[in-house]
Amino acid sequence: MEEGLRIGVLISGGGSNLQAIIDAIGAGSLDAEIAVVISSRPDAYGLMRAREAGIPTCSLTKELYRDPAKANELIASEFARAGADYIVMAGYMRKVTVEVLRAFPDRVLNLHPALLPSFQGAHGIEDAFNAGVKVTGVTVHFANEAYDKGPIIAQRAVMVEEDDTLEALTERIHAAEHELYPEVLSLLAAGRIVIDEDRKVRVLGRSPDGRRSSDG
Ligand code: GRF
């Protein structure tokens, strides 16, 4: 029997994106299983969401991150032990280092709350808002050693409205994330995401205008 995608999820906080993934699996729109959720902090609310869904969890502490290589080795070995094929960062506020990236080459995904390569870093929503852009959005990309610069898999635009507030924009960004991340994971589960020799991502079976080209 063919099995779905087996993913390991990295979180640091509320875990609303983790929840969106759990819900998509529950609804049958994402053929995947979450092997384990690892949190960079023991008090992350996302851990409760994982436990609630019966998913094994593991958490690290600030002390452990004093030696980032060791912390990342631990993360890589936990994911390997759980049999994860892909690592999904969902609001993970630490950097993944070579210990994880080399254990899962081109198999670590990240979510960024802006349209990369614009507004890289930890404050993507606020930086875009303060810059006065009219369009921002969310990006799902493969993580590599250059922070926020790995191959882009998918993006979704979010318009900045007249008289928008940072709070309102943040809410719409999160809503876009909750849609896009599970969608990307289901493309991955279907084997439709490939990285070309030029390190650009192609979604198989999609014509340039975004429609499926294979079966109409
Ligand atoms: C998301 O906006 C993500 O893009 C950012 O942190 C937030 C995490 O939210 N890096 P949650 O923990 O998934 O609720």
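A residue is classed as buried when its relative accessible area is under 20%. In this predicted model, Glu78 has a relative accessibility of 17% and therefore counts as buried. Glu78 is located in helix α3. When residues up to four places away in sequence are left aside, Glu78 is in contact with Val36, Ile38 and Cys58.

Helix α3, which spans residues 68-81, also contains Phe79, one member of an aromatic pair. The count of aromatic pairs comes to 1. The partners are Phe79 and Phe104, arranged edge-to-face with a centre-to-centre distance of 6.4 Å and an angle of 90° between the ring planes. Distant parts of the chain are linked by this pair, since Phe104 lies in the loop between α4 (98-101) and β5 (108-112), 25 residues from Phe79. Phe79 and Phe104 are both buried.

Helix α2 comprises residues 45-52, and Gly46, Leu47 and Ala50 of this helix are buried. These residues lie on the same side of α2 because the arc they cover around the axis is only 105°. An α-helix has 3.6 residues a turn, so residues three or four places apart point the same way. The packing partners of the buried α2 residues are the strands β1 (5-11), β2 (32-39) and β3 (57-59), together with helix α1 (16-27). Just after α2, the backbone of Gly54 adopts a positive phi of about 75°.

The ligand is surrounded by Gly14, Gly15, Ser16, Asn17, Gly91, Leu111, Pro113, His174 and Glu177. Polar contacts to ligand oxygen atoms involve both backbone and side-chain atoms of the protein. For Gly15, a backbone N or O atom is placed 2.8 Å from an oxygen atom of the ligand. In the case of Ser16, an N or O atom of the side chain is 2.5 Å from a ligand oxygen atom. The side chain of Glu177 likewise has an N or O atom at 2.4 Å from an oxygen atom of the ligand. On its own the ligand has 370 Å² of accessible area, of which the protein covers 82%.

Note on methods: Residues numbered from 1 in each chain as written. Predicted model: local features only at pLDDT ≥ 70, side-chain atom pairs only at ≥ 80, totals over all residues. Heavy atoms only, no water. Buried < 20%, exposed > 50% of the residue type's maximum accessible area, 1.4 Å probe, protein only. Helix = DSSP H or I, 4+ residues; strand = E, 2+ residues; numbered from the N terminus. Arc of directions from axis to C-beta. Contact = heavy atoms within 4.5 Å. Near = heavy atom within 4 Å. Polar contact = N/O pair within 3.5 Å; in protein donor to acceptor, adjacent residues only side chain to side chain. Areas by Shrake-Rupley, 256 points an atom, 1.4 Å probe, with all protein chains shown as cover. Phe/Tyr/Trp six-rings, centres within 6.5 Å; stacked < 30°, edge-to-face > 60°.
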